[in-house]
Amino acid sequence: MINFTLRQLQYFLKLAQTLNYSRAAEQLLISQPALSKQIHELEKILGVKLFEKNGRNITLSNAGAELVGQSANILSDADALLKSMDNYNDQRMNYLKLGIYGNQNIYHFINHYNHSDNHVHIQMQELSTNEIISQLQNNRLDAGITILPVNNPLISSKVLFEDELVGIVATNNPAFINIDSMSVKEFTQFEMAGLNYKFYLRQLLNQAFRERMIIPKYDFEFNDLDSCMNLVRNNSLIAIVPRSILEISNKYHDLKAIQFTDPLPRVTNRLIYLKSQKVNPVVKQLIQSIKL
């Protein structure tokens with residue numbers, strides 16, 4: 001009997017989409033070695049090579065290309081099976097699949113649910129807004145949290161909270177000793193780390209920069225905010241992020257916020273879900289719990 005798991009198929013599909021171990025691991029919120037191990041185990045179980053190496057790049061093998069369609073069908077059928085069981089087991093409604101664009105403040109509240117008496121299991125995946133909408137429509141997510149306005153007749157949107165954009169630097173960055181505020185133009189003269197172009201936060205910042213005739217010095221681009229923050233804390237780089245990220249426990253105690261004397265546009269965090277589906281009770285609880 002073949003003993004591969006649905007998670008291995010999910011990992012395989014993500015790698016097949018990105019054809020990049022580092023990018024796939026970031027989007028799956030796992031380490032690259034963990035992803036490599038799961039892909040290797042899946043290949044061992046199936047007895048075929050799913051990817052071919054071409055220098056530093058990878059491509060799908062013939063077997064891998066065939067598995068893409070079959071994996072998508074298997075995962076879709078598994079999701080449909082789980083949803084069909086909702087009619088017979090109310091406890092299934094305590095399981096929530098959530099797509100998140102990267103606001104670390106959301107993780108704080110989700111961790112509250114995972115450790116509360118509600119017995120809620122929340123599966124998170126960091127995605128762009130377009131990816132969240134696609135997976136909602138394919139019934140692979142119950143809801144998503146995004147800052148991008150969604151104009152889709154099939155999607156409902158609920159405003160959760162607004163967030164201020166601030167600059168962040170390492171507390172020991174010598175260029176910012178005794179400095180707590182400055183203009184956006186002054187701040188962006190330093191080498192910057194940020195999200196890549198597929199994220200709305202980056203698009204929002206680029207628009208604000210154009211309006212102010214600012215050319216920022218982007219040196220590094222990432223697929224998640226946590227990687228961006230980690231680079232800032234270990235180097236002399238800067239970044240611009242929602243303020244709420246710095247307010248999570250002591251995770252970023254070695255970073256400090258730089259207030260802008262000419263504030264950037266605020267970002268609005270929204271919960272989105274399909275109009276045609278019964279709203280998961282956990283989603284309602286999440287709306288009521290997020291208060292900044």
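Helices α1 and α2 lie oblique to each other. In this predicted model, α1 covers residues 6-18 and α2 covers residues 21-28, and the two pack at an angle of about 130 degrees. An angle of this kind counts as oblique because roughly perpendicular ends at 115 degrees and roughly antiparallel applies only over 145. The axes of α1 and α2 are 9 Å apart, and α1 passes α2 in a right-handed crossing. On the α1 side the meeting residues are Y11, K14, L15 and T18, and on the α2 side they are Y21, R23, A24, Q27 and L28. Sorted by class, this contact of α1 with α2 holds 5 nonpolar, 2 polar and 2 charged residues.

A third helix, α3, spans residues 32-46 and packs against α2 at an angle of about 100 degrees, with the axes 9 Å apart. This makes α2 roughly perpendicular to α3. From α2, residues Y21, S22, A24, A25 and L28 meet Q32, L35, S36 and I39 of α3. The contact of α2 with α3 has 6 nonpolar residues, 3 polar ones and no charged ones.

Helix α3 also packs with α1. The axes of α1 and α3 come within 9 Å and cross at roughly 110 degrees, which makes α1 roughly perpendicular to α3. Q8, L9, Y11, F12 and L15 of α1 make this contact with L35, Q38, I39, E41, L42 and I45 of α3. By class, the residues of the contact of α1 with α3 are 8 nonpolar, 2 polar and 1 charged.

One residue of α3 can be looked at on its own: E43 is placed in this helix. With a relative accessibility of 11%, E43 counts as buried, because the cut-off for buried is under 20%. Setting aside residues up to four places away in sequence, E43 touches V48, K49, L50 and F51.

The next step is the chain as a whole. The protein chain has 10 helices and 13 strands. Of its 292 residues, 46% are buried. Among contacts in the chain with a separation of 6 or more, 75% join residues 24 or more positions apart.

Some of the buried residues gather into nonpolar cores. The largest nonpolar core has 40 residues, and I168, F187 and I240 touch the most other members. At least two residues of this core come from each of β7 (165-170), α7 (184-187), β9 (191-195), α8 (200-211), α9 (225-234), β11 (239-242) and β12 (255-260). For F187, leaving aside neighbours within four places in sequence, the contacts are G167, I168, V169, F176, M182, I238, A239, I240, I258 and F260. There is also a second, separate core of 17 residues, whose members include I39, L50, L67 and L75.

Last comes I132, which is placed in helix α6 (residues 129-137). I132 is buried, with a relative accessible area of 0%. Leaving out neighbours within four places in sequence, I132 is in contact with G99, I100, Y101, L127, L141, G144, I145 and I272. I132 and I272 are 140 residues apart in sequence, and their C-alpha atoms are 9.0 Å apart in space.

Notes. Residues numbered from 1 in each chain as written. Predicted model: local features only at pLDDT ≥ 70, side-chain atom pairs only at ≥ 80, totals over all residues. Heavy atoms only, no water. Axes fitted to C-alpha atoms, helices over the stretch in contact; angles between N-to-C directions. Helix = DSSP H or I, 4+ residues; strand = E, 2+ residues; numbered from the N terminus. Parallel < 35°, antiparallel > 145°, perpendicular 65-115°, else oblique. Left-handed = near helix turned anticlockwise from the far one by under 90°. Contact = heavy atoms within 4.5 Å. Nonpolar A, V, L, I, M, F, W, Y, C, P; charged D, E, K, R; others polar. Core = buried A, V, L, I, M, F, W, Y, C linked by side-chain atoms within 4.5 Å. Buried < 20%, exposed > 50% of the residue type's maximum accessible area, 1.4 Å probe, protein only.
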